[in-house]
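Please open the structure in a viewer and keep the selection tool at hand. The tour below proceeds stop by stop.

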Amino acid sequence: MKSPALRIASWNVRTLLTGLSDDLQQINDNRKTAVIDAELARLNVDIAALQETRLAENGSLRESQYTFFWKGKDKEDRREHGVGFAVRTSLLPTVTPPTGGNERLLCLRLNYTNGPVNLISVYAPTLSSSSEIKDWFYSELDELISQIPQTEDIYLLGDFNARVGAEHDVWPACIGHHGVGKINENGQRLLELCCARNLCVTNTYFPNKEKHRVSWMHPRSHRWHQLDLVLTKRKCLQTVHNTRSYHSADCDTDHSLVVSKIVLQGRKIFHHARPRGLPRINTARTTDSACTSKFMSLVGDLPPAEDGVSADSRWRQLSTAIHKSAITAFGRKERRNVDWYEANLQLMEPLTQSKRESLIRWKEDPTQQNLLSL
């Protein structure tokens, strides 16, 4: 039987802060996660590694179709860097939620029939960063890779801020025949790590159109570069069927979404199902005097305690009877209102599509006129 394809991706989203707040009551409908949720679903992405989330500490959030995990700096620190994952909610039974990590590296573990698969979300220092920061980062990345058993598959997805170039003859074990541009200092560091850990840059192995092999345009020179990469072990390269950029994906970021199609066989982890909770009471009707009177009447008719019944048993009987009386008198609480973004998604789709088309025109021809139309 043919194994199902899994579409994994890397996306530097620049921030997830828009629309989110540490105060749950202050979360609004213009949140960035809802926009990313819709774009990933449109392009049929299963798991996306996210960079520059800028969210503090670690946490998770569930949107319509994806669940977001993130890891960032402490609350007291400046909101910068940060990495995370957006996982299709239907895949959560096959995923071990990420633990540990730091603001530049986070590992997610998938459980498959042929063994565990490790995905690492990576946000590397920029070219202008100090040597000390780069040394620390590559030391941490090398240590993280070394902790993963050699028998397990690994995929590194992220904004490596590195140009690996197109010199296949110099780096035959690390890059293919379809690289872009010239190597720089960060690219040298990355390829040295690839050689030491037997990794290869999957972006360089597929003869896609040149615009599908780049992901970021320099703001001054307007030259396109290949900074967002998907790396894997050389022995796993046969599982990768393609890696390319999607410039139509839009979440107000200057990086394009990079998607890699891999073929693996999934396996579910069976968890003990949580018991279904009791129906929630519509507390909004407690101010209604008629409902309150009915509830008091029902509670007043409860039978007295029987002799020989333990306190625990009596409490269970009493709490169940009170809950049933409250449901009868006040009714069940209705489900929350439909999410504003989801409710208006169809209405906004023509405008969103128009913006995507303007975004592509500007990426192909970055003139002032195209920028204004965007």
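The following stops move from the whole chain to single strands, residues and an internal cavity.

**The whole chain**

Begin with everything displayed, bearing in mind that this is a predicted model. The protein has eight helices and 15 strands. Its C-alpha atoms fill a box of roughly 90 × 50 × 50 Å along the principal axes. Of the 374 residues in the protein, 47% are buried.

To see a long separation, select Gly 181 and Leu 318, whose C-alpha atoms are separated by 74 Å. Along the chain, these two residues are 137 residues apart. Gly 181 belongs to the loop between β9 and α3 (185–197). With a relative accessibility of 52%, Gly 181 counts as exposed, because the cut-off for that class is over 50%.

**An enclosed strand and its neighbours**

Next, select strand β8, residues 115–123. Why is strand β8 largely enclosed by the rest of the structure? Eight of its nine residues are buried.

Add strand β7 (residues 105–112), which is joined to β8 by eight bridges and runs antiparallel to it. A hairpin of two residues connects β7 to β8. For one bridge of this pairing, select Asn 111 and its partner in β8, Pro 116.

Now add strand β9 (residues 153–159), which runs parallel to β8 and is joined to it by seven bridges. To pass from β8 to β9, the chain goes through helix α2 (residues 131–146), and this β-α-β crossover is right-handed. Within β9, Asp 159 stands opposite Tyr 123.

**Three cysteines**

Select Cys 174, Cys 194 and Cys 195 together. How many disulfides are there? The count is zero. The sulfur of Cys 194 has its closest cysteine sulfur in Cys 174, at 5.1 Å, which is too far for a bond. For Cys 195, the closest cysteine sulfur is also in Cys 174, at 3.3 Å, and this too is too far for a bond, because a disulfide requires the sulfur atoms to be within 2.5 Å.

Are Cys 194 and Cys 195 buried or exposed? Cys 194 is buried, with a relative accessible area of 1%, whereas Cys 195 is partly exposed at 45% relative accessibility.

**Two residues with positive phi**

Most residues other than glycine have a negative phi. Select Asn 44, which is not a glycine and yet has a positive phi of about 55°. Asn 44 is found in the loop between α1 (32–42) and β2 (47–51), and its relative accessibility of 43% makes it partly exposed.

Then move to His 81, whose phi is also positive, near 60°. His 81 lies in the loop between β4 (66–71) and β5 (83–88). At 15% relative accessibility, His 81 counts as buried, since the cut-off is under 20%.

**The cavity**

For the last stop, look inside the protein, where one cavity of 30 Å³ or more is counted. The largest cavity holds about 40 Å³ of space. To display its lining, select Asn 203, His 212, Arg 213, Val 214, Ser 215, Gln 226, Asp 228, Thr 243, Arg 244, Ser 245 and Val 258.

Which strand gives the most to this lining? Strand β14 (residues 240–246) does, with three residues. Colouring the lining by class shows two nonpolar, six polar and three charged residues.

How values were computed:
Residues numbered from 1 in each chain as written. Predicted model: local features only at pLDDT ≥ 70, side-chain atom pairs only at ≥ 80, totals over all residues. Heavy atoms only, no water. 1 Å grid on protein atoms, 1.4 Å probe; cavity = no way out; pocket = protein on both sides within 12 Å on 5 of 7 lines; lining within 4 Å. Points joined across faces, edges and corners; volume = space filled by probe spheres on them. Helix = DSSP H or I, 4+ residues; strand = E, 2+ residues; numbered from the N terminus. Nonpolar A, V, L, I, M, F, W, Y, C, P; charged D, E, K, R; others polar. Buried < 20%, exposed > 50% of the residue type's maximum accessible area, 1.4 Å probe, protein only. Pairing = 2+ DSSP bridges. Right-handed = clockwise from strand over helix to strand, strands pointing away.
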